Amino acid sequence: MPCLRDIDTATKNKILDALEADLMVKDVIQRFQVSKQTIWRLRKQMESEGNVKNRAKSGRPRKTTENQDRAMVRHNKKDPNRSATDSIAYANEVLGVQISKRTAQRRLKRAELFARRPAKKPLFKKKHRKARLEFVRSHEHWTKEDWNRILWSDETKFNLFNPDRGHLIRRPIRMRYKLISECGISLYMLKKDEKIAQIPLNYHQTILCSKEVQEDFTRLLSDGSSEKSTGLAAIETLMQCLKKSQATTVSELQSELEFAIQAMLKTNYSSASVQSASELFLRFISMVTKEQLTGDVESLMSIYKKRGENFISRVGTSRNRISKFSRLFIQNNARILTHSCSRCVLQSLLDAKKAGRNFHVYVTESQPDRSGRIMFERMKTAGISATLILDSAVGYLMERVDMVFFGAEGVMETGGIINKIGTLGIAMIAKTVNKPVYVMAESIKFVKEYPLNQSDVPDRFKYRFSTLNEKKPLEEEHPINDYTPPQYINLLITDLGIFTPAAVGDELIKLYT
């Protein structure tokens, strides 16, 4: 639970208003997810000082927040060639904070991103010789037309800007030769302006593996009887890759799983859900003891598989826990507005109906794919009183509504959400007329991204992969998702509990530590 210092002023005032309205302390604790000690300290501060502002801290004030630090680290990890000077420019232009070069260096070192000289070439091992021999044998009967599709190079190096001497990259420890790019080339070995054309060792097999992963992933979601979320399907696909893997080292296994993630991201399903669920899955299965990590590969693989099965089992019960928490907010004769077709929201409403709650639901049509019609038809089949409305009629009907329920494709580190286009507009209207907005999402949708506005959201979260792959100007394309900032959201109902948007960052830290 957040401490008093981490709670924003608006939330503090809401807590005091709830106490003045004679709401029981245990209800305030459950609603705002704060401790009894925090409430006592808040009351005492109000009585003694007459306000709820945070007291001034002793010592020099910190220039950046923890969230801004994580944003700088993620920015640097995307391109190891970025220097501390690049981090300063990013902090100034994107995060809006002025920091010194020394401060940027300290933030990166604290995240174990140390300045190192890049390796010139990978270590050549026995498995590399074997792989080259297999490559030659598999391409023995290639025709001239097959070879014409390959771009050949004599591996000549061209330094357009940076000299060989003095060029450093930032990388974590033990990552000197780690293969993290799709074609089997380490990003920690190539320099910023070098363009080297190479043929990956297992080029043909890699393409087939990519197609196989995409087919497995699509099959799990396209099954008409399946109610799997995109995140759960991504995790089950990685589990299949884990079972089929013939990796002989941990680094090989990790490279295979990372490649499978990239293959799933190249489909038209939600990139935010795939990215967040996959990262949490990899984090969960790799949480082993030092003794287990130094053992043989077979026993370690069995541990990974067992932890993977446990993770899938736990994720499978997420919606049931969300439904149980959401029942606190669904009262008899309530009028609820929802947008698009969220499986979390749908199951919560169905379970509330089975529990004997009577309510009415307004469902937006959700253009351009009219996914709201699917939601409407399924609720009518289940006997829930519902009305299908135009997207443009939300402002007209908002005064009749008691609350707004949203699903989410991704919950950002800011506490905001990525969801179907139109979510932001509905949330802003609800905020204007003081209607509460509740978001239902599994914890596997918590994304390590910190967008500050719509333009700061990665394009892969807003557009389908097929749209981005066409290389057309995005100004002419219609985004499928938008970003709703945390100030328009009251509470997030997850399988881990009920949180305020401000608490999402702390929960992400717990999930990854």
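This note sets out, in numbered points, what may be read from the predicted model shown above.

1. **The chain as a whole.** The chain folds into 22 helices and 12 strands. Of its 513 residues, 44% count as buried. Contacts between residues at least 6 apart in sequence are also informative: 72% of them join residues at least 24 apart.

2. **Helices α1 and α3.** Two packed helices are described by the angle between their axes and the distance between the axes. Helix α1 (residues 9-20) and helix α3 (residues 36-49) pack at about 90 degrees, and their axes are 11 Å apart. Because angles of 65 to 115 degrees count as roughly perpendicular, that is the description that applies to α1 and α3. On the α1 side the contact is formed by K12, I15, L16 and L19, and on the α3 side by I39, L42, R43 and M46. Sorted by class, the residues of this contact are six nonpolar, no polar and two charged. The student may wish to compare the numbering of these residues with a general rule: an α-helix has 3.6 residues a turn, so residues three or four places apart point the same way.

3. **Helices α15 and α16.** The second pair consists of α15 (residues 318-326) and α16, which pack at an angle of about 55 degrees with axes 9 Å apart. The two helices are therefore oblique to each other, and their crossing is right-handed. From α15, the residues R319, N320, I322, S323 and S326 meet R343, C344, Q347, S348 and D351 of α16. By class, this contact comprises two nonpolar, five polar and three charged residues.

4. **Residue I322.** This residue of α15 deserves separate attention. Is I322 buried or exposed? Its relative accessible area is 0%, and because buried means under 20%, I322 is buried. Residues up to four places away in sequence aside, I322 touches C344, S348, M440, A441, E442, I493, T494 and D495. One of these partners, E442, is 120 residues from I322 along the chain, yet the C-alpha atoms of the two are separated by 7.7 Å.

5. **Helix α4.** Helix α4 (residues 66-78) has 13 residues and spans 19 Å from its first C-alpha to its last, close to the 18 Å expected at 1.5 Å a residue. Its buried residues are Q68, D69, A71, M72, V73, R74, H75 and N76. What covers these buried residues? The cover includes α5 (84-95), α6 (101-110) and β2 (169-171).

6. **Helix α12 and residue S271.** Helix α12 has 15 residues and reaches 21 Å between its first and last C-alpha atoms, close to the expected 21 Å. The helix is mostly covered, since 13 of its 15 residues are buried. S271 lies in this helix, which runs over residues 271-285. With a relative accessibility of 7%, S271 counts as buried. Leaving aside its neighbours within four places in sequence, S271 is in contact with L265, R460 and F461.

7. **Two residues with positive phi.** S340 has a positive phi of about 65 degrees although it is not a glycine. It is found in the loop between β3 (334-338) and α16 (343-354). N434, also not a glycine, has a positive phi near 60 degrees, and it lies in the loop between α19 (423-432) and β9 (437-440). Which of the two terms, buried or exposed, applies to each residue? S340 is buried, with a relative accessible area of 10%, whereas N434 is exposed, with a relative accessible area of 69%.

8. **A cis peptide bond.** The peptide bond joining Q367 and P368 is cis, with omega at about 10 degrees. P368 is found in the loop between β4 (359-364) and α17 (371-381).

Methods
Residues numbered from 1 in each chain as written. Predicted model: local features only at pLDDT ≥ 70, side-chain atom pairs only at ≥ 80, totals over all residues. Heavy atoms only, no water. Helix = DSSP H or I, 4+ residues; strand = E, 2+ residues; numbered from the N terminus. Buried < 20%, exposed > 50% of the residue type's maximum accessible area, 1.4 Å probe, protein only. Axes fitted to C-alpha atoms, helices over the stretch in contact; angles between N-to-C directions. Parallel < 35°, antiparallel > 145°, perpendicular 65-115°, else oblique. Left-handed = near helix turned anticlockwise from the far one by under 90°. Contact = heavy atoms within 4.5 Å. Nonpolar A, V, L, I, M, F, W, Y, C, P; charged D, E, K, R; others polar. Expected span 1.5 Å × (residues − 1).
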